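Pull up a chair and take a look at the protein below. This report walks through its fold, its surface and a few residues worth finding on screen.

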Amino acid sequence: MPKESHTKAAEHHENAAKSHRSAAEHHGKGDHEKGREHSKTAHAHSQSAHEHSDAAHKKSSSAK
């Protein structure tokens, strides 16, 4: 269902945002190693969000 894909995309966007905030906090404290770890996690969530968004779009388009 498109709704499930949209929901999954939203969850990954939220997780990406949390990881980005954590990365910024660690970089701000000078802990660049930990900041990079959070940045990598944020990137992975962003990619998953994009994939789920594409899937939701395709399912929505085919349902019409």
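What follows goes from the overall shape to charge pairs and then to single residues.

**Overall shape**

Keep in mind that this is a predicted model. The protein is built from two helices and has zero strands. Helix α1 covers residues 2–28, and helix α2 covers residues 32–62.

If you turn the model on screen, you can follow its proportions: the C-alpha trace spans about 50 × 10 × 10 Å along the principal axes. The radius of gyration tells a matching part of the story, at 15 Å, whereas a compact globule of 64 residues would have a value near 11 Å.

How much of the protein counts as buried? Of its 64 residues, 17% fall in that class. The accessible surface comes to about 4,700 Å², and carbon and sulfur atoms hold 53% of that area.

The contacts in the protein reach far along the chain. Taking those with a sequence separation of 6 or more, 63% join residues 24 or more positions apart.

**Charges and salt bridges**

The protein carries 11 positive and 9 negative charges, and the mean positions of the two sets lie 4 Å apart. As background, side chains of opposite charge can pair when their charged atoms come close. How many salt bridges does a search of the whole structure find? The search finds three, and here they are with their N to O distances.

| Positive residue | Negative residue | N to O distance |
|---|---|---|
| K8 | E11 | 3.7 Å |
| K29 | E25 | 3.2 Å |
| K34 | E37 | 3.7 Å |

Let us take the pairs in turn. K8 and E11 are separated by about one helical turn because they sit three residues apart in helix α1. K8 is partly exposed, with a relative accessible area of 42%, and E11 counts as partly exposed too, at 36% relative accessibility.

For K29 and E25, the side chains meet at 3.2 Å, N to O. Is K29 buried or exposed? K29 is exposed, with a relative accessible area of 62%. Its partner E25 counts as partly exposed, at 45% relative accessibility.

K34 and E37 bring us to helix α2, where both residues lie, three residues apart and about one turn of the helix from each other. K34 has 34% relative accessibility and counts as partly exposed. E37, at 38%, also counts as partly exposed.

**Where the two helices meet**

A good place to start is S19, in helix α1. Why does S19 count as buried? The cut-off for buried is under 20% relative accessible area, and S19 counts as buried because its relative accessibility is 9%. Leaving out residues up to four places away in sequence, S19 touches H38, T41, A42 and H45.

R36 makes a useful companion to S19. R36 lies in helix α2 and is partly exposed, with a relative accessible area of 48%. From C-alpha to C-alpha, R36 and S19 are 10 Å apart in space, with their positions 17 residues apart in sequence.

Next, look at A44, which lies in helix α2. Which residue class does A44 belong to, buried or partly exposed? A44 is partly exposed, its relative accessible area being 38%. A44 and A16 are 28 residues apart in sequence, yet their C-alpha atoms are 7.8 Å apart in space.

H52 is another residue of helix α2. With a relative accessible area of 25%, H52 is partly exposed; the buried class would need a value under 20%. H52 and S5 are 47 residues apart in sequence and 5.4 Å apart in space, C-alpha to C-alpha.

What is H52 in contact with, once its neighbours within four places in sequence are left aside? Its contacts are S5, K8, A9 and H12. K8 is a residue you have already met, since its side chain also joins E11 in a salt bridge.

**Back to the screen**

For a quick tour, begin at S19 and its contacts H38, T41, A42 and H45. Then move to A44 and A16, at 7.8 Å C-alpha to C-alpha. Finish at H52, whose contacts include S5 and K8.

Note on methods
Residues numbered from 1 in each chain as written. Predicted model: local features only at pLDDT ≥ 70, side-chain atom pairs only at ≥ 80, totals over all residues. Heavy atoms only, no water. Helix = DSSP H or I, 4+ residues; strand = E, 2+ residues; numbered from the N terminus. Rg over C-alpha atoms; globule rule 2.2 N^0.38 Å. Buried < 20%, exposed > 50% of the residue type's maximum accessible area, 1.4 Å probe, protein only. Contact = heavy atoms within 4.5 Å. Areas by Shrake-Rupley, 256 points an atom, 1.4 Å probe, with all protein chains shown as cover. Lys, Arg positive; Asp, Glu negative; His and termini not counted. Charge placed at Lys NZ, Arg CZ, Asp CG, Glu CD. Salt bridge = Lys/Arg side-chain N within 4 Å of Asp/Glu carboxyl O.
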